[in-house]
Structure formats: structure tokens, C-alpha cells
Amino acid sequence: ETVKAQAHIAEKLGTEPDEPLVRIQMTARENDAYFAYFDSYIPVNYVDEQDLKIFEKGSLLDYLIEQDILRIAYTNSFIYSISANADTASWLRIPVGQPLLLMEEIFFSEAGNPVLWSRNHIITSILNLHIIRRVVHRL
């Protein structure tokens, strides 16, 4: 759906408040078990909503890679422990208050421009994260 950028989202994407964005909400599941709910925002000029509706080969990131327009290079990710609110609980079919991990990510193009902001709500009893941190040595 097309929405107007709220101020906090516009700031993350380097756009202006009220700029049009495409909001994509989806869940991931294995068999009948839901394990993640994704709530993402991307400027309208980066996606074709009709193409996106019929894309069935994977995630939003898979779609963007296949389109090869943005050349996503990296993300800036933050991970928080949260409790499911009513909206998230409804998407994931879990009780309100259930503990979740929230991974908030800003995706950047090769040019260093923010192009996508996503909030990924993860049920950790089903999906786990493995993080590798690189240490950059100063000269």
C-alpha cells in the first residue's frame, strides 16, 4: 500500500515527511508455524507495486536483488527485545505480550543512500540469529 512518510521514517530514509512510500507487510512461516512478521517502507520510485504483488520467489530483499535497480550493499541493523503488541500478535498468531526479537534495519545502496527501512519481528523459539562482527584495525 502507498502511505505518506511519517517524520521518523522519513528521517531514516533521507526523505521528507509526507513523501509517498510503499509499505509492505508480510509474514514468514514454515509449514503452519509463523516465525517472523516484516513491516517495511521503501520510496515509491524504487518498486513497482503491481510487480511486487505477484512476486512469489521469496522476501522483499529477494525482489529488490532480482530487480537489480538499487544494488543494495549493506544494512545498519539494531536488535531489541520486545513484547508483542496487539497488531504484531495478530500477524504472527501469538498471544499479546509474547517475547520477540525486533530487528530494525536500514538498507543502503552501493552509493551509501538509505533505500529501505524494515522492522522484523522474530519469534526466537523458531528462528535464531547468528551475528558475525568484523573488527577493523586502525592503521
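In what order do the six strands of the open sheet come? I looked that up before anything else, and the order is E1-E2-E3-E6-E5-E4, with antiparallel pairing.

**Ground rules.** I am working from a predicted model, where local features need pLDDT of at least 70, side-chain atom pairs count only at pLDDT 80 or more, and totals for chains, interfaces and linings use all residues. Residues are numbered from 1 along each chain as its sequence is written, and side-chain values use heavy atoms, with hydrogens and water left out. My element names follow DSSP runs, numbered from the N terminus: helices are H or I with at least four residues, strands are E with at least two. I call two strands paired if DSSP finds at least two bridges between them.

**The sheet.** I went back to the order E1-E2-E3-E6-E5-E4 and checked its edges. They are strand E1 (2-4) and strand E4 (72-83), each of which pairs on one side only. For the twist, I noted that neighbouring strands are turned by 25° against each other on average, direction ignored. Those angles are taken between axes, which are lines fitted to C-alpha atoms (for helices over the stretch in contact), and run from 0 to 180 degrees between N-to-C directions.

**Strand E6.** Next I followed E6 (residues 114-122) and its antiparallel partner E3 (residues 33-43), and found six bridges joining them. Tyrosine 37 has histidine 121 in E6 as its bridge partner, and serine 40 stands opposite serine 118 of E6. Then I turned to E5, which pairs with E6 over eight bridges, again antiparallel. Here leucine 101 is matched with isoleucine 122 in E6. The link between E5 and E6 is a hairpin with four residues between the strands, and glycine 112 in that turn has a positive phi of about 85°.

How many of the nine residues of E6 are buried? I got seven, so E6 is mostly covered, where buried means under 20% relative accessible area, exposed over 50% and partly exposed in between (1.4 Å probe, protein chains only).

**Odd phi values.** I also picked out two residues that are not glycines. Aspartate 18 has a positive phi of about 75°. I found aspartate 18 in the loop between helix H1 (7-13) and strand E2 (20-30). Arginine 93 has a positive phi too, about 60°, and lies in the loop between helix H4 (86-92) and strand E5 (99-109).

Are these two buried or exposed? Aspartate 18 is exposed, with a relative accessible area of 54%. Arginine 93 is exposed as well, at 59%.
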